[in-house]
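Reader: I should like to learn how to read the packing of helices and the pairing of strands in a model. May we go through the features one at a time?

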Amino acid sequence: MPALWILERTTNARFPVRIRIEQEGRVLLAVRAQSAWPGPGQQIFCVREREDDPTEVLRPLEQVPVANLSRVGRKLAVVLDRPLRKRCEFLVVHKPRADGTGDYEQIFFRTESGIRSHRSRTRLELRDTPGGVTIAIDTQEKYPWRFPGATVVRRKLQVGDYALLTDDRVSVVIERKSYDNLLGDIGAIQALHHHWADLARLDRSVVVVEAQYGDFLNERRLAGRWPASHVARVLAELSALHPRLPIIYAGSRKQANLWAERYLAACGAALEGNANPQLDLVAGVVEEYTPTGQDNLDDRIRHAALRDMPTEFATADVAAMFPDVSLVRIRRILQGLEREYRLDRRGAGRGLRWVVLGPQDGRRT
């Protein structure tokens with residue numbers, strides 16, 4: 001069941017709106033806000049709701065399915081399942097009190113337009129880890145990459161060639177591939193699949209190739225080894241069967257080394273930031289959230305119109321299946337299907353009927 005974005009009107013003049021994200025009866029987030037949706041270039045100050053008052057009279061304003069919740073640095077990114085006004089975020093900040101007795105929490109509600117116009121729109125989320133990171137290089141690497149500024153150790157790695165160590169534990173792995181090395185692995189593609197499946201067990205693990213993608217399609221360089229068409233199929237299959245393992249075609253040894261250096265530094269900063277106390281609210285919401293893996297609401301309405309309706313139906317028939325969706329949205333989707341030549345209309349006004357077109361109807365001109 002998807003999470004729900006629920007807006008309610010309160011009786012508090014300073015925080016007249018309650019924003020609640022709920023999934024299967026669990027409240028993931030509840031804040032009191034100064035407005036239901038920030039205007040262009042604005043951000044709204046919120047306070048966290050510590051406990052629910054059962055005697056409070058709340059007036060429902062809006063209820064929308066949530067398409068996705070995720071954490072981006074200190075922010076909780078929210079995507080709502082609707083065509084407009086669908087992206088927003090909650091920024092959590094902890095500031096020290098003036099009297100030195102601790103800190104206090106601030107929450108800011110911002111929309112996509114507000115983020116784009118805010119002065120911090122170009123600020124990076126991650127900062128370099130003080131003291132650098134610790135990188136382990138596999139003992140079988142004869143001519144390893146260099147990582148200036150990092151603490152480098154040699155050890156036998158269970159998988160991969162380079163690893164980021166966090167508290168002496170492997171947290172990120174990089175598999176290094178030269179052009180000839182990857183071409184050679186194609187001759188044992190099944191073994192390569194098993195190896196990369198092992199790599200993908202760790203989050204943020206990647207394969208870095210010291211060549212351009214186009215190099216693997218160059219018939220001259222491939223002469224006597226593999227047809228370019230076969231290599232293209234292999235590379236596509238590797239990406240398709242290991243979607244959690246990115247393949248970076250860095251271009252050269254030097255560029256691959258530079259990419260790996262900056263990537264491991266960024267991963268170190270991200271992992272160190274996970275222990276930041278001001279992420280407790282954001283991390284808690286994301287941890288409690290269960291992705292549904294369902295199609296979005298527009299897709300479900302499209303499917304119902306094309307598959308669940310009789311050959312001829314009215315707009316109200318679709319609306320009856322989705323009572324919480326506005327007629328404006330349903331009409332927009334049906335009109336889109338008409339433009340795709342999936343539906344045709346008969347009549348007008350209250351007598352309007354939609355007719356499902358099959359493949360035999362062809363494309364109207």
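Reader: Which residues in helix 2 meet helix 3?

Author: One begins with contacts, which here means heavy atoms within 4.5 Å. In this predicted model, Leu182, Asp185 and Ile186 of helix 2 meet Ile189, Leu192 and Trp196 of helix 3. Sorted by character, the residues of this contact are five nonpolar, no polar and one charged.

Reader: At what angle do the axes of helix 2 and helix 3 cross?

Author: The two axes cross at roughly 115° and come within 7 Å. Angles of 65 to 115 degrees count as roughly perpendicular, and helix 2 is therefore roughly perpendicular to helix 3.

Reader: Which residues of helix 5 does helix 2 meet?

Author: Helix 2 covers residues 179–186 and helix 5 covers residues 228–241; they pack at an angle of about 90°, their axes 11 Å apart. Helix 2 is therefore roughly perpendicular to helix 5. From helix 2, Leu182, Leu183 and Ile186 take part, and they meet His230, Val231, Val234 and Leu235 of helix 5. This contact comprises six nonpolar residues, one polar and no charged. Leu182 and Ile186 thus appear in the contact with helix 3 and in the contact with helix 5.

Reader: Across which strands does helix 3 lie?

Author: A helix may also be read against a sheet. Helix 3 (residues 189–199) lies across strand 12 (169–177), strand 13 and strand 14, and runs at about 145° to strand 12.

Reader: What is the order of the strands in the open sheet?

Author: For an open sheet, one lists the strands in their spatial order and then looks for the edges. This sheet has six strands in the order 10-9-11-12-13-14, and the pairing is mixed. Its edge strands, each pairing on one side only, are strand 10 (151–155) and strand 14 (247–249). On average, neighbouring strands are turned by 25° against each other, direction ignored.

Reader: How many bridges join strand 13 to strand 14, and do they run parallel or antiparallel?

Author: Strand 13 (residues 206–209) runs parallel to strand 14, and three bridges join them. One pair to locate is valine 209 with its bridge partner in strand 14, tyrosine 249.

Reader: In what order do the strands close into a barrel?

Author: In a barrel, one follows the strand order around until it closes. Here eight strands do so in the order 1-2-3-4-8-7-6-5, with antiparallel pairing. From one strand to the next, the twist averages 35°.

Reader: Which residues stand opposite each other where strand 3 meets strand 4?

Author: Strand 3 (residues 26–33) and strand 4 (residues 43–48) run antiparallel and are joined by three bridges. Valine 31 stands opposite arginine 48 of strand 4, and alanine 33 stands opposite cysteine 46 of strand 4. Strand 4 also pairs with strand 8 (residues 103–111), in the antiparallel sense over four bridges. There cysteine 46 stands opposite isoleucine 107 of strand 8. Cysteine 46 may therefore be followed from alanine 33 to isoleucine 107, with the pairing of strands resting on at least two bridges between them.

Reader: How do helix 8 and helix 10 pack, and what is the hand of their crossing?

Author: Helix 8 (residues 297–308) and helix 10 (residues 327–339) pack at about 60°, with axes 10 Å apart. The crossing of helix 8 with helix 10 is right-handed. Helix 8 contributes Leu297, Asp298, Ile301, Arg302, Ala305 and Leu306, which meet Arg329, Ile330, Arg332, Ile333, Leu334 and Leu337 of helix 10. The residues of this contact are eight nonpolar, no polar and four charged.

Reader: How many helices and strands are there in the protein, and what is its radius of gyration?

Author: There are 10 helices and 17 strands. The radius of gyration is 27 Å, whereas a compact globule of 365 residues would have one near 21 Å. Along the principal axes, the C-alpha atoms fill a box of roughly 75 × 75 × 35 Å.

Technical notes. Residues are numbered from 1 along each chain as its sequence is written. This is a predicted model: local features need pLDDT of at least 70, side-chain atom pairs count only at pLDDT 80 or more; totals for chains, interfaces and linings use all residues. Side-chain values use heavy atoms; hydrogens and water are left out. Axes are lines fitted to C-alpha atoms, for helices over the stretch in contact, and angles run from 0 to 180 degrees between N-to-C directions. Helices (H or I, at least four residues) and strands (E, at least two) are DSSP runs, numbered from the N terminus. Angles under 35 degrees count as roughly parallel, over 145 as roughly antiparallel, 65 to 115 as roughly perpendicular and the rest as oblique. Ala, Val, Leu, Ile, Met, Phe, Trp, Tyr, Cys and Pro count as nonpolar, Asp, Glu, Lys and Arg as charged, and the others, Gly among them, as polar. A crossing is left-handed if the near helix is turned anticlockwise from the far one by less than a right angle, and right-handed if clockwise. The radius of gyration is taken over C-alpha atoms; the globule rule is 2.2 Å times the number of residues to the power 0.38.
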